[in-house]
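Me: I am new to this structure and should like to understand the terms applied to it. Please set each value against its definition.

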Amino acid sequence: MQLRGFLLLALLTLLALPAAVAKKKDKVRKGGPGSECAEWTWGPCTPSSKDCGVGFREGTCGAQTQRIRCRVPCNWKKEFGADCKYKFENWGACDGGSGTKARQGTLKKARYNAQCQETIRVTKPCTPKTKAKAKAKKGKGKD
């Protein structure tokens, strides 16, 4: 009889343990790592080396400060930041005067309370005509 009681107690302990761990994980996700604070303000992700890759983001809430790991994609646009996500229109026609084409993007998502512009305009150089590319390839092949 004592063995049955012991096994029942052990079983209940094992069943209660995952529920306690899940509650602790929920608390960590809501605020910041290991805190009861609700209004965290997060700074930009700063890569550990160069201008992209793994780095850290600092957050503050009252007198508390936390650092969490983050990652800056290597193809991000530095002008408007890695935490601002935009939906872009198609590229416009080539402007002969400046030799560039442009498109506009509207803000889709601002991560970690980032200060993002609602709309942005980006430009890139016009690509040369396909005939010019074909001539350049033929010229290189003859050497």
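The exchange below takes up the sheet, the aromatic pairs and the charges over rings.

Reply: This is a predicted model, in which local features need pLDDT of at least 70 and side-chain atom pairs count only at pLDDT 80 or more, while totals for chains, interfaces and linings use all residues. Residues are numbered from 1 along each chain as its sequence is written, and side-chain values use heavy atoms, with hydrogens and water left out.

Me: How do you know that S5 and strand S6 pair?

Reply: Two strands pair if DSSP finds at least two bridges between them. S5 and strand S6 (residues 100-110) have five bridges, so they pair, in the antiparallel sense. Strands are DSSP runs of E with at least two residues, numbered from the N terminus. Within this pairing, Tyr-86 stands opposite Leu-107 in S6.

Me: What makes S5 and S7 edge strands?

Reply: The open sheet has three strands in the order S5-S6-S7, with antiparallel pairing. Strand S5 (84-88) and strand S7 (119-125) each pair on one side only.

Me: Why is the pair of Trp-42 and Tyr-112 called edge-to-face?

Reply: Rings of Phe, Tyr and Trp (its six-membered ring) pair if their centres lie within 6.5 Å; planes under 30 degrees apart count as stacked, over 60 as edge-to-face and the rest as tilted. The centres of Trp-42 and Tyr-112 are 6.1 Å apart and the planes stand at 75 degrees, so the pair is edge-to-face. Trp-42 lies in strand S1 (residues 41-42) and Tyr-112 in the loop between S6 and S7, so the pair ties together parts 70 residues apart in sequence.

Me: Why is the pair of Tyr-86 and Phe-88 called tilted?

Reply: The ring centres of Tyr-86 and Phe-88 are 6.3 Å apart and their planes are at 50 degrees, so this pair is tilted.

Me: Which of these two residues, Tyr-86 and Phe-88, is buried and which is partly exposed?

Reply: Buried means under 20% relative accessible area, exposed over 50%, and partly exposed in between (1.4 Å probe, protein chains only). Tyr-86 has 10% and therefore counts as buried, whereas Phe-88 has 28% and is therefore partly exposed. By the same rule Trp-42, at 13%, is buried, and Tyr-112, at 33%, is partly exposed.

Me: How do you know that Arg-57 lies over the face of Tyr-112?

Reply: A charge sits over a ring if NZ of Lys or CZ of Arg is within 6 Å of the ring centre and within 35 degrees of the ring normal. Arg-57 is 3.9 Å from the ring centre of Tyr-112 and lies over its face. The charged end of Arg-67 likewise sits over the ring of Phe-56, 4.3 Å from its centre.

Notes. Helix = DSSP H or I, 4+ residues; strand = E, 2+ residues; numbered from the N terminus.
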